[in-house]
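Hello,

Here is the structure I promised to pass on to you. Have a look at it first, and then read on for what turned up in it.

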Amino acid sequence: MVEKLEKAVKEAKLADPIEASVDKATQQMIIRSHELGIETVFDRAVTMKQCNIGLQGTCCKNCAMGPCRLPLPKSGIEGEDTRKGLCGATANTIAARNFTRMIAGGAAAHSDHGRAVAEVFYQAANKLTDDYKIKDPIKLLAIAPHYGVDTKVEVDGKMVDRDIDEIAVELADVALAEWGKSGSTTLVPKRFPKVRYELWEKLGILPRNIDREIVEVMHRTHIGVDQDYKNLMKQGARCALADLSGSWIATDLQDVMFGTPSPLISEANLGVMKKDHVNIIVHGHEPILSEMIVAASQSAEMHELAIKVGAKGIQLSGICCTANEVLQRHGVPNAGNFLQQELAIVTGACDAMVVDVQCVFQNLANVAKCFHTKLITTHPIAKMEQSNVIHIEFDEHHAMEDALRIVTMAVENYKNRGAEVQIPPYKESQVAGFSVESIKYHLGGTFRGTYYTLNDNIINGRIRGVAAVVGCNNARQQHNNAHLTVIKELIKNDVIVLTTGCGGITAAMAGLLQPDSAAAYCGPGLAEICEVVGIPPVLHMGSCVDNSRILNAAIEVVNAGGMGQDLCDWPVAGSAPEWMSEKAISIGQYVVCSGIYTVFGGTLPLDGAPVFKEYLNSGMEELYGGMWAVEADPIKHAHMLIAHIDKKRKELGIDKARERVMMDMADRQALEG
Ligand code: NFS
């Protein structure tokens, strides 16, 4: 058996587990999938080759005269670039159209998630559902002014507190209008420093409403419309800011309805599943359903049912960003990240996998077919065609009822497990749930909450800078390797890391979200801060819509003072080492437009259009003070981020401070010696 497997791996028909992932649980499950003859994404990445022209970004299939393919000639371009499609579209136009469409795809996904949340919030605020309530009135009061909703009202010449329910109703109306209003621009950009807002206003990229900017990208990239890559990217910027608007609303209203996260202890990796428990996995993105599944699976009724079927209880865990939503608010452990979704079923111990929208493999149904696992789709816009998939359409008016039905189905399925259960014995503990509010509290206490402590430590050099390392996994890269290498290199060099999405799960699985990891991995400055404040060197701030939290934190830093006037002034950088989705491109674009230097790993679909590629770099920097860069080698990638951070330290005149701190510190000598 083993020989046969090794032969198959050698013949390159199957994935080599060590080459496929650095994670032990993943390696074990890849081997297990081979033993059972089940194909996963890792194997498909071996047999399916990527399209070279698509990779270069220069295949245009926006009309039926094409696809027109314009790869860069091997010898490069000498003189004038004469490549064109049938209509005359150049490589730059084609690459820019494709890139802008990716932004629109990402913006649509994030903002549609935001819309769904706003719709449920409307139902909750107007008391049209019993299952959703306002759990965090403090957050409601904090965000209301940003939506132009008053929290005080004048009564008899005196300002008094306004009724919470009234505020919620008005807020719901304002939030929902963000998708379709006319005559003004979306509200989120107003939260940025004044100079940034004015720059966006001057450049004409403030989103008019969220839907409109996505529609306009589709119009402008239709054959024969926008043929100027600079103008296309301008709309790409406006559309990305529409994404950010929708994402930020999602974060705000989810916090109001489900609670603003604060640090809690949990675990991560496939080892969180339990052999003697009913295992339910939630996977996807929207917490609207998973919040109810958490409540249902914790109910006494469901626990009793689990005991009755011979299990010791119910173990709920999550994959992808739904996992991060229920992790940060309830401590529900992460079963894994994007590339581990099939493997969670390969354990043979997954009694039900409940999916909503985004990042869900179609092949899950084929894997589920090999086991007893009930695969349940729940969203009207995300169904699967395979006959073994169950669709239970989730509705906020009978949310708890649906959740109980799903959990019951999982519990009753426990008895159908086969003998082939194998849960890899790997998991790590983690501290997650860092919101902007909780970081403020950590830094200064309830009454003196401030970001200035962070600024102070950046200025004195103990913290060199801040990097956001976020995003997906990509089966074209070794699973988790780039994330972990980049993060470790950053914290070794005293750069504190903020993370979200599958990057956050990766860090958790490697133990980097434990406060103890500071002593093991950090440079002396950052290690000292982590020890004093009691935080890990990598702060997990939630799901991908919660990249709004990271930008919000960056704004807090600027507002706290001493770091310049704008996000492009201080030592901060962004990174997506293993990106794969259109959402990552949209996030990258709004981060760059916010003035932040951003490096992507793997490849970007730009190599076939060198002029456009250069524009994303120096052209964007000229306009926004931030730029796109790409570097596949994770160590080089980390050092590009560090070099940018050092450049900003120099510009702020705080580079000398760091040198002093470093020379002063005995532990630095110990580390170097
Ligand atoms: Ni972000 Fe979350 Fe993961 Fe990538 Fe997919 S789950 S929204 S897209 S793969 S980080």
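Let me begin with a single residue: Ser266 sits in strand E5, which spans residues 264-268. Please keep in mind throughout that this is a predicted model.

Is Ser266 buried or exposed? Its relative accessible area is 6%, and because buried means under 20%, Ser266 counts as buried. Leaving aside residues up to four places away in sequence, Ser266 touches Leu327, Gly331, Val332, Pro333, Glu428, Ser429 and Gln430. Gly331 deserves a second look, since its backbone oxygen lies 2.8 Å from a polar atom of the Ser266 side chain.

Next, the nonpolar cores. The largest has 173 residues, and those with the most contacts inside it are Phe99, Phe121, Tyr132, Trp570 and Phe612. Helix H6 (residues 91-125) supplies the largest share of this core, at 16 residues. Apart from this core lies another one, of 37 residues, with Ala335, Phe338, Leu364 and Val421 among them.

If you would like one core residue to click on, try Trp570. Not counting residues up to four places away in sequence, Trp570 is in touch with Ile458, Val466, Ala554, Val557, Val558, Met563, Lys648 and Leu652.

Now to the pockets. The largest pocket holds about 1,200 Å³ of space. It is lined by 38 residues, and the closest to its centre are Gln50, Met102, Asn474, Trp579 and Met580. Four helices give two or more residues to this lining: H4 (41-47), H5 (52-56), H6 and H25 (582-593). Which of the elements gives the most to the lining of the largest pocket? That is H6, with six residues. So you will meet H6 twice, as it also gives the largest share of the largest core. Sorted by class, the lining of the largest pocket comprises 17 nonpolar, 14 polar and seven charged residues.

The second largest pocket has a volume of about 540 Å³. Of the 20 residues lining this pocket, Ala142, Val436, Glu437, Lys440 and Glu556 are the closest to its centre. Here the elements that give two or more residues are helix H7 (137-143), helix H18 (436-448) and helix H24 (547-560). The lining of the second largest pocket divides into six nonpolar, seven polar and seven charged residues.

Happy browsing, and do write back with any questions.

Best wishes

Notes: Residues numbered from 1 in each chain as written. Predicted model: local features only at pLDDT ≥ 70, side-chain atom pairs only at ≥ 80, totals over all residues. Heavy atoms only, no water. Core = buried A, V, L, I, M, F, W, Y, C linked by side-chain atoms within 4.5 Å. Buried < 20%, exposed > 50% of the residue type's maximum accessible area, 1.4 Å probe, protein only. Contact = heavy atoms within 4.5 Å. Polar contact = N/O pair within 3.5 Å; in protein donor to acceptor, adjacent residues only side chain to side chain. 1 Å grid on protein atoms, 1.4 Å probe; cavity = no way out; pocket = protein on both sides within 12 Å on 5 of 7 lines; lining within 4 Å. Points joined across faces, edges and corners; volume = space filled by probe spheres on them. Nonpolar A, V, L, I, M, F, W, Y, C, P; charged D, E, K, R; others polar.
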